[in-house]
Amino acid sequence: MENKQTKSHQQQVALVAGATGFVGRFLIAELLKRGHHVFALLRNPIQQQAILEQWLSLKQVSIQRLSFIQGDVTKPRLGMSEQDWEKLSSVNTLYNSSALFAWNLSMQQARAVNVDGALNLLRCVAQHCDLQRAVHVSGYMLTILSHLQQAGVCLEQPDRTNWSSVYQQLGAYEASKIEAHYAWIECAEKLSIDWTIIHPATVCGDALSGEIPHNQPIAQMIDLLKRRKMSAIPATPKHYLPLVSVDDLCQVMVRAATDLGLVNQSLLVASEQNIPLSELTQMIAQQLNVSAPKQHVPLVILRLILKWTWLAKQLEMSAEMLSFLRTEQLDLEPLKQFRQRWDIQTGNLADAITKTTDWMKQTTSTQIV
């Protein structure tokens, strides 16, 4: 029976930042399929609008309720005119799926988009729109408190964290996502805006097509196996990579934005199926018709090896990616309750991995960016 206290079917007028990114475009598709109005924030609409419209058309998603607006999260007022902001005045839901993702970024590069850009986006939208909920996409590493403490994050008072040290230890991408998490909450509360943070596991392709950009971590792993560049498994037999399919994630996100139980709360979104990395590589290799690596390299040894820049390039790996391999169980009870509340079925992770692998087999490096 529906819980009236925690469930709402509010009509969304959504602004999506990161609209042509992997999560962003699937999120827009899900919003449109649900009958919501969407404004897609684009840095280069002349090029990106046509690509996104074509992509949605191939997905047989109506674009009748989709509008486009030019903007950049790193610019003052997002680079928009007063007339642009008037067009967005009815926006009641903000989704921030924009992020600069790459290994070996500098602290300045990562912070400019993932921290300062995110806060600039939130402040501008709060000032000019009828904002009711601000949804920010973060990451599952934020739910592992022991990891955060070991990295030097001050959980009780995040603003007292020595962020330079955290960036040095974890790498700029992960550190910037952690810093942005706490900064988003602080900023939203100062603005008296209800917030929700989504912590997705590593995202794999959708259940139907397996579509995934080649720069995503799971795609990079598939590509290494495809080219027979992975000669050993970078972990112990107990390690696994938490995963979620992109369509599964976006179904949750759209409903989370109006869920009263998630006002000023975070939600971890991951598959309940934990596939050990050794089994995952075996599944992918079998689908690719290549031999799977059988030897394991302990992470502590691999981190030492990857300090050598030349060797890291030869292996096509970065030490930054190793922290995302985990052994502990993630707390998925809140997600289970949320799925029950909204009657969202869990997708089959093994099928999603198979489809993602097939996509990587059949495509080149040309992807939507």
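**Entry 1: β1 and its partners.** I looked up the pairing of β1 with strand β4 (residues 93-96) in this predicted model, and I found the two joined in the parallel sense over four bridges. Within this pairing I noted that A14 has T93 of β4 as its bridge partner. I then turned to strand β2 (residues 37-42), which also pairs with β1 in the parallel sense, over four bridges, and there I found A40 as the bridge partner of V16. Following the chain from β1 to β2, I passed through helix α1 (residues 22-33), and I recorded this β-α-β crossover as right-handed.

**Entry 2: the surroundings of β1.** Which residues of β1 are buried on each side? I listed V13, L15 and A17 on one side and A14 and V16 on the other, so that both faces of the strand are covered, in keeping with the general rule. In a regular strand the side chains alternate between the two faces of the sheet. For the strand as a whole, residues 13-17, I counted five of five residues as buried.

**Entry 3: the whole sheet.** I traced an open sheet of seven strands, with parallel pairing, in the order β3-β2-β1-β4-β5-β6-β9. Because β3 (66-70) and β9 (265-269) stand at the edges and each has a single partner strand, one side of each is left without a neighbour in the sheet. Ignoring direction, I noted an average turn of 20 degrees between neighbouring strands. Further along the order I checked strand β5 (residues 133-137) and strand β6 (residues 194-200), which pair in the parallel sense over five bridges, with V135 standing opposite T196 of β6.

**Entry 4: helices on the sheet.** I saw that α1 packs on the sheet and touches β1, β2, β3 and β4, while its direction makes about 170 degrees with that of β1. Helix α5 (residues 116-128) lies across β1, β2, β4 and β5, and I noted that it runs at about 170 degrees to β4.

**Entry 5: two helices in contact.** I looked up how helix α4 (residues 107-114) meets helix α8 (residues 172-190), and I found that their axes come within 9 Å and cross at roughly 35 degrees, in a right-handed crossing. On the α4 side the contact is made by M107, A110, R111 and N114, and on the α8 side by A172, Y173, S176, E179 and A180. I sorted the residues of this contact into five nonpolar, two polar and two charged.

**Entry 6: one residue of α2.** Is I46, which lies in helix α2 (residues 45-58), buried or exposed? I entered I46 as exposed because its relative accessibility is 79%, where the cut-off is over 50%.

Note on methods
Residues are numbered from 1 along each chain as its sequence is written. This is a predicted model: local features need pLDDT of at least 70, side-chain atom pairs count only at pLDDT 80 or more; totals for chains, interfaces and linings use all residues. Side-chain values use heavy atoms; hydrogens and water are left out. Buried means under 20% relative accessible area, exposed over 50%, partly exposed in between (1.4 Å probe, protein chains only). Two strands pair if DSSP finds at least two bridges between them. A crossover is right-handed if, with the strands pointing away from the viewer, the path from the first strand over the helix to the second runs clockwise. Axes are lines fitted to C-alpha atoms, for helices over the stretch in contact, and angles run from 0 to 180 degrees between N-to-C directions. A crossing is left-handed if the near helix is turned anticlockwise from the far one by less than a right angle, and right-handed if clockwise. Contact means heavy atoms within 4.5 Å. Ala, Val, Leu, Ile, Met, Phe, Trp, Tyr, Cys and Pro count as nonpolar, Asp, Glu, Lys and Arg as charged, and the others, Gly among them, as polar.
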